[in-house]
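Opened the notebook to go through this one piece by piece. I wanted the ligand sites, the core, a helix pair and a few odd backbone spots.

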Amino acid sequence: MMIDFSKIGHNLEDSLTSKMLPHIWCSGCSLGTNLQSIIRGILRTGLDLDREVVFVSGIGCTGRASGYVEADGFHTTHGRAIPFATGVKLGNPDLEVIVFSGDGDLFAIGGNHFIHACRRNIDMTIICNNNSTYGLTGGQASPTSFEKTRTPTTVGENDPPFNLVDLALGAGADFVARYTSAHYKILPRVISEAIKTEGVAFIDLVSGCPAIYGKRNGYPTGEYMVKNLLEASKEIVPDENGTYLLPENTRIHFDSSVGYIRIPVGIFRRQER
Ligand SMILES: Cc1ncc(C[n+]2csc(CCOP(=O)(O)OP(=O)(O)O)c2C)c(N)n1
Ligand code: SF4
Ligand SMILES: [Mg+2]
């Protein structure tokens with residue numbers, strides 16, 4: 001039986017650009033859930049998506065998101081989401097700028113822009129869809145791929161991955177959090193808080209690419225991935241002497257035969273400069 005997609009509704013229909021749908025993402029991918037969490041987070045702030053928000057992404061599976069949201073947006077060149085977002089903010093400081101892009105886009109070719117945005121404390125929310133791979137181009141190793149994982153570009157072991165929470169803390173972001181795509185109930189609240197932060201707010205959104213990275217590295221299906229992300233997540237409880245912020249306490253542990261072992265999650269910093 002043929003399905004008439006034009007007759008199927010969605011509860012966030014008004015926030016999505018229907019002419020771009022159906023989307024390109026694989027069945028079981030984290031991206032659909034993550035985009036829902038982000039839209040719910042924006043709506044929670046009371047902002048008018050159509051008039052007050054600009055959605056910016058680079059190139060990659062994640063990059064497609066800017067075309068799917070019913071807001072003004074830029075699907076920019078690879079690694080350049082943050083410079084475009086900076087231009088938008090400088091041009092019209094009243095706009096709320098949200099960058100949603102991949103780990104490859106934001107932390108390989110675009111890594112330089114991330115640290116300088118944090119240093120300059122530009123008012124924007126940066127959400128990294130961190131699936132530890134270059135999903136769109138076939139699963140090559142990214143700056144957050146784990147040492148002992150299999151990818152088409154890995155000979156022996158990968159170099160150690162960036163701990164994005166540690167990187168954002170060190171670069172000076174005002175708001176730093178990490179959750180996973182399985183935290184879709186908590187995320188709208190966290191995202192709305194990030195948006196309300198005056199400087200750089202960063203969220204490491206740990207996500208899965210079951211179709212390409214997961215099938216080679218211990219989480220072959222979306223269903224297994226969601227269970228794995230939830231079971232591996234450990235909420236970090238702040239302590240007075242700050243040891244919870246040490247890199248060894250915020251590092252993600254992964255094993256390519258079973259997937260995620262330990263994902264420290266929570267809000268690691270809230271400050272205004
Ligand atoms: C200058 C430039 N170099 C390389 C590419 C090829 N390319 C497109 S997407 C991508 C990686 C995307 O990875 P990520 O940002 O993690 O997004 P994902 O697909 O995993 O969501 C690369 C290397 C490109 N488009 N432009
Ligand atoms: S290749 Fe991976 S990241 Fe891209 S849509 Fe498919 S599952 Fe998602
Ligand atoms: Mg990626």
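Below are my entries, in the order I looked things up.

**Ground rules.** I'm working on a predicted model, where local features need pLDDT of at least 70, side-chain atom pairs count only at pLDDT 80 or more, and totals for chains, interfaces and linings use all residues. Residues are numbered from 1 along each chain as its sequence is written, while chains are lettered from A and ligands numbered from 1 in the order in which they are written.

**Ligand 1.** I listed the shell first, taking a residue as near when its C-beta atom, placed from the backbone, lies within 6 Å of the molecule. There are 17 residues around ligand 1, and Gly60, Gly102, Gly104, Asp105 and Gly135 come nearest. For secondary structure I used DSSP runs numbered from the N terminus: helices are H or I with at least four residues, strands are E with at least two. Helix 5 (103-109) and strand 5 (133-134) each supply at least two shell residues. Helix 5 has the largest share, 3 residues. I then sorted by type, with Ala, Val, Leu, Ile, Met, Phe, Trp, Tyr, Cys and Pro as nonpolar, Asp, Glu, Lys and Arg as charged, and the others, Gly among them, as polar. The ligand 1 shell comes out as 4 nonpolar, 11 polar and 2 charged.

**Ligand 2.** What surrounds ligand 2? I found Trp25, Cys26, Cys29, Leu31, Cys61, Asn131, Gly135, Leu136, Cys209, Pro210, Ala211 and Ile212. By type, this shell holds 10 nonpolar residues, 2 polar and no charged. Helix 9 (residues 210-214) gives the most to the shell, with 3 residues.

**Core.** For burial I counted other C-beta atoms, placed from the backbone, within 10 Å of a residue's own: 20 or more is buried, 12 or fewer is exposed, and in between is partly exposed. A nonpolar core is then a set of buried Ala, Val, Leu, Ile, Met, Phe, Trp, Tyr and Cys residues joined through C-beta atoms within 7 Å. The largest one here has 72 residues, and Val56, Ala85, Val99, Phe202 and Ile203 have the most contacts inside it. Strand 8 (residues 200-206) brings the largest share of this core, 6 residues. I followed up on Phe202, counting a contact when two C-beta atoms, placed from the backbone, lie within 7 Å. Leaving aside neighbours within four places in sequence, Phe202 touches Ile126, Ala168, Ala173, Phe175 and Val176.

**Helix 7.** One of those partners, Ala168, sent me to helix 7 (residues 164-171), where Leu164, Val165, Leu167 and Ala168 are buried. Why do they line one face of the helix? Seen down the axis, the buried residues fall within an arc of 165 degrees (taken over the directions from the helix axis to the C-beta atoms), so they line one face. Glycine 172 follows the helix, with a positive phi near 100 degrees.

**Helix 4 on helix 6.** I fitted axes as lines to C-alpha atoms over the stretch in contact, with angles from 0 to 180 degrees between N-to-C directions. Helix 4 (residues 81-91) and helix 6 (residues 111-120) pack at about 35 degrees, axes 8 Å apart. Ile82, Pro83 and Thr86 of helix 4 meet His113, Phe114 and Ala117 of helix 6. The contact residues split into 4 nonpolar, 2 polar and no charged. I also checked Ile115, found in helix 6. With 17 C-beta neighbours inside 10 Å, Ile115 counts as partly exposed.

**Backbone oddities.** The peptide bond from Leu21 to Pro22 is cis, omega near 5 degrees, and Pro22 sits in the segment before helix 1 (31-45). Which residues other than glycine have a positive phi? I noted Asn121 at about 55 degrees and Ser132 near 60 degrees. Asn121 is in the loop between helix 6 and strand 4 (124-130), and is partly exposed, with 15 other C-beta atoms within 10 Å. Ser132 is in the loop between strand 4 and strand 5, but buried, with 29 such neighbours.

**Exposed spots.** Gly242, in the loop between strand 9 (233-235) and helix 11 (247-250), is exposed with 9 other C-beta atoms within 10 Å. Glu223 of helix 10 (residues 222-232) also counts as exposed, with 11.
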